[in-house]
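This report describes selected strands, charged pairs and aromatic rings of one protein chain. Please keep the sequence and the structure in view while reading.

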Amino acid sequence: MIEVGNRVRSYDFDRDRECYVEGIVEGFKEVEGCTRYEIRVTRKVWAGEEVENPYSGHVYPPLNGTPRLFGGECNGVELVS
């Protein structure tokens, strides 16, 4: 279970494991009727290459297990050890 304070990786695309951000979960937030992780970005990788100056703000991916509009579930955030 992902909790506040955990270091996580959030993938941008389901099928592309080479595009993601890493950061610290700072909380949870309601965005457009959907509960989401509030992640402070510390690292960004695009097309397998680390981005030198990553976006230094926050990203808000849906909680794992959130139903998708056209079926399936969101599961794009995982713990980083």
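## Strands, charges and rings

Val-25 has its place in strand 2. The model discussed here is predicted. With a relative accessibility of 1%, Val-25 counts as buried, because the cut-off for that class is under 20%. Apart from residues up to four places away in sequence, Val-25 touches Ile-2, Glu-3, Val-4, Gly-5, Asn-6, Val-8, Glu-38 and Ile-39. Ile-2 is 23 residues from Val-25 along the chain, and the C-alpha atoms of the two are separated by 8.2 Å.

**Strand pairing**

How many bridges pair strand 1 with strand 2? These two strands are joined by 5 bridges and run in the antiparallel sense. One of the positions involved is Arg-7, whose bridge partner in strand 2 is Ile-24. Strand 1 is also joined to strand 6, which covers residues 77-79, by 3 bridges, and this pairing is antiparallel too. Here Ser-10 stands opposite Val-77 of strand 6. Of the 5 residues in strand 1, 4 are buried, so the strand is largely enclosed by the rest of the structure. As a general point, side chains in a regular strand alternate between the two faces of the sheet.

**Salt bridges**

Side chains of opposite charge can pair when their charged atoms come close. A search of the whole structure finds 5 salt bridges. Three of the pairs are listed below, each with the distance between nitrogen and oxygen.

| Salt bridge | N to O distance |
|---|---|
| Glu-22 and Arg-9 | 2.4 Å |
| Arg-43 and Glu-22 | 3.1 Å |
| Glu-50 and Arg-43 | 3.3 Å |

Glu-22 forms a salt bridge with Arg-9. This pair links distant parts of the chain, since Glu-22 belongs to strand 2 (residues 20-31) and Arg-9 to strand 1 (residues 7-11), 13 residues apart. The side chain of Glu-22 also meets that of Arg-43 in a salt bridge. This second pair again links distant parts of the chain: Arg-43 is in strand 3 (residues 34-46), 21 residues from Glu-22 in strand 2.

Are Glu-22 and Arg-43 buried or partly exposed? Glu-22 is buried, with a relative accessible area of 6%, whereas Arg-43 is partly exposed at 24%. Arg-43 also forms a salt bridge with Glu-50. Arg-9, Glu-22, Arg-43 and Glu-50 are thus linked in a network of salt bridges.

**Aromatic rings**

Arg-9 has a further partner: its charged end sits over the ring of Tyr-20, 4.2 Å from the ring centre. In a second arrangement of this kind, Arg-17 lies over the face of Tyr-11, at 3.7 Å from the centre of the ring.

Rings may also pair with each other. A pair of aromatic rings is described by the distance of the centres and the angle of the planes. The count for this structure comes to 2 aromatic pairs. In the case of Phe-28 and Tyr-37, the ring centres are 5.9 Å apart and the planes stand at 50 degrees. Why is this pair called tilted? Planes under 30 degrees apart count as stacked and those over 60 as edge-to-face, so an angle of 50 degrees places the pair in the tilted class. Phe-28 is partly exposed, with a relative accessible area of 41%. Tyr-37, by contrast, is buried, with a relative accessible area of 5%.

Terms used
Residues numbered from 1 in each chain as written. Predicted model: local features only at pLDDT ≥ 70, side-chain atom pairs only at ≥ 80, totals over all residues. Heavy atoms only, no water. Phe/Tyr/Trp six-rings, centres within 6.5 Å; stacked < 30°, edge-to-face > 60°. Buried < 20%, exposed > 50% of the residue type's maximum accessible area, 1.4 Å probe, protein only. Lys NZ or Arg CZ within 6 Å of the ring centre and 35° of its normal. Salt bridge = Lys/Arg side-chain N within 4 Å of Asp/Glu carboxyl O. Helix = DSSP H or I, 4+ residues; strand = E, 2+ residues; numbered from the N terminus. Pairing = 2+ DSSP bridges. Contact = heavy atoms within 4.5 Å.
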